[in-house]
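Here is a short set of exercises to work through with the model open beside you. Try each task before reading its solution.

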Amino acid sequence: MLFLKLFLLFSLFSFTFSHDAAFDPHLLPRPLIIQPEDIETLFEKFDDELNLHCTSWRFSVEANNLSPWKTIPEECLGYVKEYMTGRGYKLDLERVSSEAGVYAKNLELSGDGKDVWIFDIDETLLSNLPYYIEHGYGLEIFDPIEFDKWVQKGMAPAIEPSLKLYEKILDLGFKVFLLTGRNEKHRSITIENLTKAGFQRWDKLILRDSEQHGKLAVVFKSEKRSEMVEEGYRIVGNSGDQWSDLLGADPSRRSFKLPNPMYYIP
């Protein structure tokens, strides 16, 4: 960020000297006088423009308008860091969970035990932000080996607004199915992590087995939802941080997208 600001300032100096109408090689150029308040204003405009650019990018991420992407824009690192560690991310999580709770409360359940709410796990119930803080908030290309090491620690904290929604969904009488892209080999540590974070009970925990390893998330999760429907379940709610959690075959009656500008899973 500082480099970009200095580059902009030096560019202004170069532009001024090169456009001196009365340039004489035997004379020194006229001094460029820039008041401190002018520099401050220039930097403020630059910061405002960058903030607008990164806000527009994040909106496109959440609206699913971007082509598949692998890393966040380098110039938006500071923006993403501020969003993820500041009040904005927390407010967005609270908003999603609140709206989902209102929807769930107003649903009339059938009473036959077939009304299901699906939850994704990573960045939906459990937060991997401690991992991504150490890996550039999504600026680094995803490393599955390093991420598996993090998962094996079982230290991901609960996303508090999601935990409140989760408990409410259970209290209302929904079946809760956890549908995650995590590998089956992580079942034990995932159960341990979920329980430690406050997610005490669920009806099904569905992970990827070896046969589903190469499938896109949207395909894998679509197939699992189709199996639920074939078994007579009604998917009335679905919470996830990726569009691949929500789109595809047999979608939920209503879906709730949690914010995540750090990574994209197709």
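**Exercise 1. A helix and its buried face**

How many residues does helix α4 have, and how far does α4 reach from its first C-alpha to its last?

Solution. This is a predicted model, so please read each value as computed from predicted coordinates.

Step 1. Begin with the limits: α4 covers residues 87–105, which gives 19 residues. From first C-alpha to last, α4 reaches 27 Å, close to the 27 Å expected at 1.5 Å a residue.

Step 2. Now pick out the buried positions. In α4 they are Y89, L93, V96, S97, A100, G101, Y103 and A104. Looking down the axis of α4, these buried residues fall within an arc of 165°, so they line one face of the helix. The general rule helps here: an α-helix has 3.6 residues a turn, so residues three or four places apart point the same way.

Step 3. Turn to the other side of α4, where R95 and K105 are exposed.

Step 4. Finally, ask what covers the buried residues. The cover of α4 includes α3, β1 (115–119), α7 (160–172), β4 (234–240) and β5 (255–257).

**Exercise 2. The sheet**

Work out in which order the strands of the open sheet stand, and which strands stand at its edges.

Solution. Step 1. Five strands make up the open sheet, in the order β3-β2-β1-β4-β5, and their pairing is parallel.

Step 2. At the edges stand β3 (204–208) and β5. Each has a single partner strand, so one side of each is left without a neighbour in the sheet. From one strand to the next, the twist averages 15°.

Step 3. Look at how β1 is joined to its partners. β1 pairs with β2 (residues 175–183) in the parallel sense over four bridges, while five bridges join β1 to β4, again running parallel.

Step 4. Take V116 as an example: its bridge partner in β2 is K175, and its bridge partner in β4 is I235. For W117, the bridge partner in β2 is V176.

**Exercise 3. A covered strand**

Is β1 mostly covered or mostly open, and which residues lie on each of its sides?

Solution. Step 1. Count the buried residues: five of the five residues of β1 are buried, and the strand is mostly covered.

Step 2. Sort them by side. D115, W117 and F119 lie on one side, V116 and I118 on the other, and both faces are covered. The general pattern to recall is that side chains in a regular strand alternate between the two faces of the sheet.

**Exercise 4. Helices across the strands**

Find which strands α8 and α9 lie across, and at what angles these helices run.

Solution. Step 1. Helix α8 (residues 187–197) lies across β2 and β3, and runs at about 135° to β3.

Step 2. Helix α9 (residues 217–230) lies across β1, β2, β3 and β4, and runs at about 150° to β2.

Step 3. Check the length of α9. At 1.5 Å a residue its 14 residues should span 20 Å, and the end C-alpha atoms are indeed 20 Å apart.

Step 4. List the buried residues of α9: A217, F220, K221, S222, K224, R225, S226 and M228. They pack against β1, β2, β3, β4 and α10 (243–246). Just after α9 comes G232, with a positive phi of about 95°.

**Exercise 5. The disulfide**

Identify the disulfide and explain which parts it ties together.

Solution. Step 1. The structure holds one disulfide. Its cysteines are C54 and C76, with sulfur atoms 2.1 Å apart. The angle about the S-S bond is -95°, and the link is left-handed.

Step 2. Place the two ends. C54 lies in helix α2 (residues 36–62) and C76 in the loop between α2 and α3 (77–85), so the pair ties together parts that are 22 residues apart in sequence.

Step 3. Check burial. C54 has a relative accessible area of 0% and is buried; C76 is buried too, at 0%.

**Exercise 6. One residue of α2**

Is S60 buried or exposed, and which residues does S60 touch?

Solution. Step 1. S60 is found in helix α2. Its relative accessible area is 16%, so S60 is buried, the cut-off being under 20%.

Step 2. Leaving aside residues up to four places away in sequence, S60 touches N65 and L66.

Step 3. Look further along the chain: P261 is 201 residues from S60, and their C-alpha atoms are separated by 9.7 Å.

Technical notes: Residues are numbered from 1 along each chain as its sequence is written. This is a predicted model: local features need pLDDT of at least 70, side-chain atom pairs count only at pLDDT 80 or more; totals for chains, interfaces and linings use all residues. Side-chain values use heavy atoms; hydrogens and water are left out. A disulfide is a pair of cysteine sulfur atoms within 2.5 Å. Helices (H or I, at least four residues) and strands (E, at least two) are DSSP runs, numbered from the N terminus. Buried means under 20% relative accessible area, exposed over 50%, partly exposed in between (1.4 Å probe, protein chains only). Contact means heavy atoms within 4.5 Å. The expected span of a helix is 1.5 Å times one less than its number of residues. The arc is that of the directions from the helix axis to the C-beta atoms. Two strands pair if DSSP finds at least two bridges between them. Axes are lines fitted to C-alpha atoms, for helices over the stretch in contact, and angles run from 0 to 180 degrees between N-to-C directions.
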